[in-house]
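Let's take a walk through a protein model together. Have the sequence and the 3D view open, and follow along as we go from confidence to sheet to core.

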Amino acid sequence: AHVTFPSHSLSRSRSCKLAKVIKDSGEKRHIAALILARGGSKGIPLKNIKVLAGVPLIGWVLRAAVDSKQFDSVWVSTDHDDIEKVAKTWGAQVHRRSPEVSKDSSSSLDTIQEFARLNPEVDVICHIQATSPCLHPFHLKEALEMITKQGFTSVFSVVRRHHFRWQEVKKGGSVATQPLNLDPCNRPRRQDWDGELCENGSFYIYTRATIERGLQGGKWAYYEMLPEYSVDIDVDIDWPVAEQRVLRFGYFGLDKPEVVRLLLCNVSGCLTDGRVLISVSGEEMVSVNTRDTMGIRMLQREGVEVILISSSEDLLTKALADNLSQRTGCEVRQLGKDIQGEVTAMMDDKDLDWKEVAYMGNDAPDVDCLNLAGLSAVPRDAPVVAINAAKYSCHSAAGLGAVREFSEHILLLKKKAKSQMEQDRIHRNTF
């Protein structure tokens, strides 16, 4: 039997409780999320960890899975060291798949069955596609309830499409094409046609017994996702389109980004390209991009305080710091070696929590603050150790618009959160 369980915005406000389902024997079933991420992508090399809107592609679905609070374990199945590192950074355990299931000819079923065989404690597997960055926790929660509460053994995600389909005619064929799902003499208007349900590849959920037979079987059902959440990336041409979609419809985490009240930004390697120019007379100069100063002013107009920080190793002179302060309208503070300690003291003075702070750094000394801040970013040319710690990686390099880009990212999240709060109020008022 096929049933639909449409997703809607009210689901986002539902409480998320850890899924603990009772087996027939009275024991609790182990529910695992599994993301398949082979290193040998043919379309886009290492596609699964390529940065999309500041986050590794696989990071979007891992964040949704972890924050859903529905899983006893979250796994990434891979054969690649770099993918393993990213997976662990985003809170997943790693299944190192065998060479036998890492071939171009290997199917998803081969890998899932190997995972199930090596993890006998797992009773239900939610196979999430890494290429679906607009997946939200409420999608997973509602679909899993079809397994845990409604008794289905296989659930898969679909999207409604309004496409008229025609029979393919092979090259050199003499047979005329035929319509497959319409009457050409009586073409329906879109509003008069329900369309068709198509798998969108976002996720597939199966019980262990189902996996032993195949990926879909037993008592199955579909879960309908709205088109705005149905984003799938196969080739490079999809990337810029997906980036725009994920910025608008993606899931950005449990914390509300509108609470950000302070941005701390390193001068050297973020606002500037890290170089200090020294004239013949001994004067020191740095280059500041006007796009970056405009980004700072945009934040200030929205009530976000911006403080520029400089470490003792940067040797930023007082005259240079004063000029920067005047140019940007920001306080410039010089910090010692214990950056985290001094930032924490600064936050205490301002009665701020880490989730209210955005931090932009560029190297190893910034890693602790990048990890702790509610929002954090690094320029495109930052070292790997800093990139791995940041929640957003800029497309722009240091001194060439990276601060402006992060400023716009902060404002976009604030706008998105404000819109969601307004939508939630509308839904509450309908009851």
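Start with how sure the predictor is: the chain averages a pLDDT (the predictor's confidence in each residue, from 0 to 100) of 82, and 86% of the residues score at least 70. Residues 1–26 fall below 50, and this stretch has 65 contacts in the model beyond near neighbours in sequence, a contact being heavy atoms within 4.5 Å. Residues 421–431 also stay under 50, and there the model has four contacts beyond four places in sequence. Where pLDDT is low, the predicted coordinates should not be read in detail.

A bit of housekeeping. This is a predicted model, so local features need pLDDT of at least 70 and side-chain atom pairs count only at pLDDT 80 or more, while totals for chains, interfaces and linings use all residues. Residues are numbered from 1 along each chain as its sequence is written, and side-chain values use heavy atoms, with hydrogens and water left out.

Now look for the sheet. Seven strands make an open sheet with mixed pairing, in the order 7-6-3-8-10-9-11. Helices (H or I, at least four residues) and strands (E, at least two) are DSSP runs numbered from the N terminus, and two strands pair if DSSP finds at least two bridges between them. Strand 7 (93–96) and strand 11 (220–225) each have a single partner strand, so one side of each has no neighbour in the sheet. From one strand to the next, the twist averages 30°; axes are lines fitted to C-alpha atoms, for helices over the stretch in contact, and angles run from 0 to 180 degrees between N-to-C directions.

Zoom in on strand 9 (residues 154–161) and strand 10 (residues 196–207): they run antiparallel, joined by seven bridges. Val 155 sits opposite Ile 205 in strand 10. Helix 4 (residues 137–148) packs on the sheet, and its direction makes about 160° with that of strand 11.

What about the inside? The largest nonpolar core (buried Ala, Val, Leu, Ile, Met, Phe, Trp, Tyr and Cys residues joined through side-chain atoms within 4.5 Å) has 79 residues, of which Ile 58, Ile 128, Phe 203 and Phe 406 touch the most other members. Helix 1 (residues 57–67) gives the most to this core, with seven residues. Apart from it lies another core of 22 residues, including Tyr 359 and Cys 369.

Last stop: Ser 407, in helix 13 (residues 402–429). Is Ser 407 buried or exposed? Ser 407 counts as buried because its relative accessibility is 0%; buried means under 20% relative accessible area, exposed over 50%, partly exposed in between (1.4 Å probe, protein chains only).
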